[in-house]
Amino acid sequence: MRDFTKNDIRLFIALCSLGLVAPILFPAYINQLSFAWIFVVIALSWDMQGGHMGYNSFGNIVFFGVGMYAAASFQILPFFSLGDWTEAGGVQTFEHSVSQYFSGYALGILFAAIAAVATAFIFGNLILKMRGHYFAICTLALGVAIGEVFASIEILGAGQGLSLAVWPRGFLDDTYRRLFFYYQGFLLFVLCFLSISYIIRTRFGMTLNAIRDGEDKAESMGLNTNFYKISSWILSAFFIGLCGALVGHLVGFIDPIDVAFSGATYGIWMIIMAIIGGKGRLWGPVIGALFFHAFNEIFWTYFLGWQRVALGLIIVIIVVFFPEGILGFFQVRKKSSVSALSTQPQQQKK
Amino acid sequence: MNKKISKLILGFSALTLLLVGSATAKVDGDIVTLGAAVSLTGKYSTNGKHTKNGYDLAVKRINENGGFKVKGKTYKIAVKYYDDESTPARAAQLAERLIKQDGIQFMLGPYSSGLTKAMAPVTENYKIPMIEANGASRSLFTKGYKYLFAILTSADQYLAGAVDLLAEKAKEEGRSLKTLKVAVAVENDPFSLDVRLGAVEKVNKYKMKLVLDEKLPKSLDDMAAILTKVRALKPDLLIVSGHAKGAATAARQIDQFRVYVPMVAMTHCDSAQIEQKYPVGAENILCAAQWHKKLTYSDDDNLFGDGNDYVDIFTREYGYSPPYQSAESSTAIQVYVDAFKRAGSFNPQKVRNAIAKTKLQSFYGNVKFNQYGQNIAKPMVLLQVINSEYNVVAPTKWASTPLIYPRPK
């Protein structure tokens, strides 16, 4: 078990201070900054299995979508009929009052977490016994299948999608709305980072590493690997579910396939971000997510219509020339590093 | 080591903030910049391009004619584009970005109802007017939006006319309406579901039988399973709606599988150019259109002239005949210019109020908004592909050619 080094703490504090003041320094960018924290959280959460445990899941988007739908629908349910709200071609208009909006909001967030955790528990029991490619393919199919299921649930709007409750009319200035979401994203980052950095230093984290490095050996040592695998997936689902809820509110409209269960964007991004930064390392996904988000935004501005090609190229370059990710690259160059940045595979094996 | 990481993180943050572009004003000197996120990539890229070309052509034309005058000063127009990649999540983010970072105060719509649904809450929050020409879902107009204006007819009316037409023909033949069978296959997206809704309401009204009611597969590139059912069920009318890709697939496979239905109605035939790409399958298919060049409307502002003039100008510029998606997009710009002139100001609130009071005719049709921001001054038309050409067959007022019914086997 390794302690949080002083440098880690300094870095974390620096990042937090930056996070606290960023919206004041760059008021026009609050929305993008909110997404930056969300990206960091989904990458960190994915890395719990993908990196630390060695289970490459393509299906974590399920928790994202489930969280998003739960947050949206439980904000509506206590006050209006969800069926009327989503009715195709309906003519009614609905508006939340200030108290309705926020009480519903809190309820939605709560249910987003519950729904995501429950989903992880159920599917974890079913599919986490699979390993390697079988697990990866199964989770990929799971993401697609659940998306299709949600696209056919009439009460959630089916293919029409689900519009979220709008910010109460006339309540506080728009800047406060954006800050409201921003600081939640930021808080989520702090919580997620602290939990994961704590967990990977405990026996629990060691077990996850043991599963990655040799599941059979871990089992033969008497570890109930299934328990650890499901628990880590649940933790991951908790954070990704909350991210889904936030993204739902930030986007304002849920399309089942293109927003909620969008395997081709958020689903694959969370993996790419972890890989770019360096998976299985605490700071890897953080750096990967910030890098990815920054370049994403830049390409959108300067390579209109070609942004995906440019981004694809960057990913190819990183995978080919920096297979250990950005962080891994620096660590390999400076082999001497003994920092806590490394729950790095090679060092674990020693 | 950690210093390096700190540097990396700080570097990235700084880089993003520096490179994503600094905020500029929407009215800079004599240039008024409108903002738009359109689909340049992804599943709607074909129609996204038609939308962009429509906007660009009107902008070019206005600027070539010397711009427009507001309170004696002449202004020109520019459009700031982003690519929404056909995903609503991106569209909403880009709307934020256009407004907050690029300082845009007048928005143009994206392509498709789903993306418009994602952008509308954003423009509404910032009280920025958005004139959209490609989001037809009825649900856009039930949210109480005050800053959203659509210059097109809502989606439920696209193919309802085809059911009317079938009823009319059956009456002529002396058939009972109750014996008529209708099959519906639509994409599972906001627009197509609304198209279905409008058609099904009519089917129920006439007490016809809805023998097939299916969703097209998400990829929209194969509807063989549905067509097999259609062959077995022998409906009198087949309705297909799935944007350009759905139309192309239907026209192609109806021919490939030799499926015969006396009346076939679709949306987006012209933007998919089915009459050129699949001339056999496309023959005698009915197509819903917001506009056709043969309709006798002409510009109040003389920007293009009438429908035929628009087609000529567009074809010269882009090398293909404009589908209605381009026509309505061009008119969105005309509506803005008209509103700027009447508002005598570039204050978004004043412009919004001016837009709400719009009453104009363009080559595309009449534009007048109801309280929900819907254009109520313009009907849909039904075209039929006859000898690989589109001809207006309904409503009767504009019909240039009699309907060919049933389609020859």
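This is a short group-meeting talk on a sheet in chain B, some salt bridges and a surface patch.

Okay, morning everyone. One thing before I start: what you're looking at is a predicted model, so take everything in that spirit.

Let's begin with the sheet in chain B. It's an open sheet of 7 strands with mixed pairing, and the order runs β9-β8-β10-β11-β12-β15-β16. Which strands sit at the edges? Those are β9, residues 209-215, and β16, each of which pairs on one side only. Going from one strand to the next, the twist averages 25 degrees.

Now go to β10 of chain B, residues 237-241. Buried or exposed? 5 of its 5 residues are buried, so the strand is largely enclosed by the rest of the structure. As a reminder, side chains in a regular strand alternate between the two faces of the sheet. In β10(B) both faces are covered: B:Leu237, B:Ile239 and B:Ser241 are buried on one side, and B:Leu238 and B:Val240 are buried on the other.

What does β10(B) pair with? There's strand β8 of chain B, residues 181-186, which runs parallel to β10(B) over 5 bridges. If you want a landmark there, B:Ala185 has B:Val240 as its bridge partner. Then there's strand β11 of chain B, residues 263-267, also paired with β10(B) in the parallel sense, this time over 4 bridges. The landmark on that side is B:Leu237, standing opposite B:Met263.

Okay, slide along to the β16 end. Remember, β16(B) is an edge strand. Even so, 5 of the 6 residues in β16(B), residues 389-394, are buried, so this strand too is largely enclosed by the rest of the structure. Its pairing with strand β15 of chain B, residues 381-386, is antiparallel over 5 bridges. To find the register, look for B:Leu382 with its bridge partner B:Ala394, and B:Gln384 with B:Asn391. The hairpin that β15(B) and β16(B) make has 2 residues between the strands, and B:Asn387 takes a positive phi there, near 50 degrees.

While we're in chain B, a quick stop at B:Asn353, which lies in helix α14 of chain B, residues 348-356. It counts as partly exposed, at 31% relative accessibility. Its side chain makes a polar contact of 2.9 Å with the side chain of B:Arg352. Also, the C-alpha atoms of B:Asn353 and B:Tyr147 are separated by 9.1 Å, with those positions 206 residues apart along the chain.

On to charges. Side chains of opposite charge can pair when their charged atoms come close. How many salt bridges do we have over all chains? The count comes to 23.

Two that I'd like to show you go between chains. B:Glu96 and A:Arg177 meet at 3.4 Å, N to O. That pair crosses from helix α3 of chain B, residues 88-100, to helix α7 of chain A, residues 174-199. Both ends are buried: B:Glu96 is at 3% relative accessibility, and A:Arg177 is at 5%.

The other is B:Lys43 with A:Asp258, at 3.3 Å, N to O. Here B:Lys43 lies in the loop between β2 and α2 of chain B and A:Asp258 in helix α11 of chain A, so the pair joins two chains. B:Lys43 is partly exposed, with a relative accessible area of 35%, whereas A:Asp258 is buried at 15%.

Within chain A, have a look at A:Glu324 and A:Arg281, whose closest N and O atoms are 3.1 Å apart in a salt bridge. This one links distant parts of the chain, 43 residues apart: A:Glu324 is in the loop between α14 and α15, and A:Arg281 is in the loop between α12 and α13. A:Glu324 is partly exposed at 32%, while A:Arg281 is buried at 1%. There's also a salt-bridge network in chain A, linking A:Arg131, A:Glu215, A:Asp216, A:Glu219 and A:Lys229.

Last stop, the surface of chain A. There's a nonpolar patch of about 970 Å², and its residues include A:Tyr302, A:Phe303, A:Trp306 and A:Phe321. Which helix gives the most to it? That's helix α14 of chain A, residues 307-321, with 6 residues. A:Tyr302, for its part, is found in helix α13 of chain A, residues 284-302.

That's it from me, thanks.

Conventions. Residues are numbered from 1 along each chain as its sequence is written. Chains are lettered from A and ligands numbered from 1 in the order in which they are written. This is a predicted model: local features need pLDDT of at least 70, side-chain atom pairs count only at pLDDT 80 or more; totals for chains, interfaces and linings use all residues. Side-chain values use heavy atoms; hydrogens and water are left out. Buried means under 20% relative accessible area, exposed over 50%, partly exposed in between (1.4 Å probe, protein chains only). Two strands pair if DSSP finds at least two bridges between them. Axes are lines fitted to C-alpha atoms, for helices over the stretch in contact, and angles run from 0 to 180 degrees between N-to-C directions. Patches are made of residues with over 30% relative accessible area and no salt bridge: like charges are joined within 9 Å, nonpolar side chains (Val, Leu, Ile, Met, Phe, Trp, Tyr) within 5 Å. Accessible areas come from the Shrake-Rupley method with a 1.4 Å probe; for residues, only the protein chains shown count as cover. A salt bridge is a side-chain nitrogen of Lys or Arg within 4 Å of a carboxyl oxygen of Asp or Glu. A polar contact is a pair of N or O atoms within 3.5 Å; within protein, one must be able to donate a hydrogen and the other to accept it, and residues adjacent in sequence count only if both atoms are side-chain atoms.
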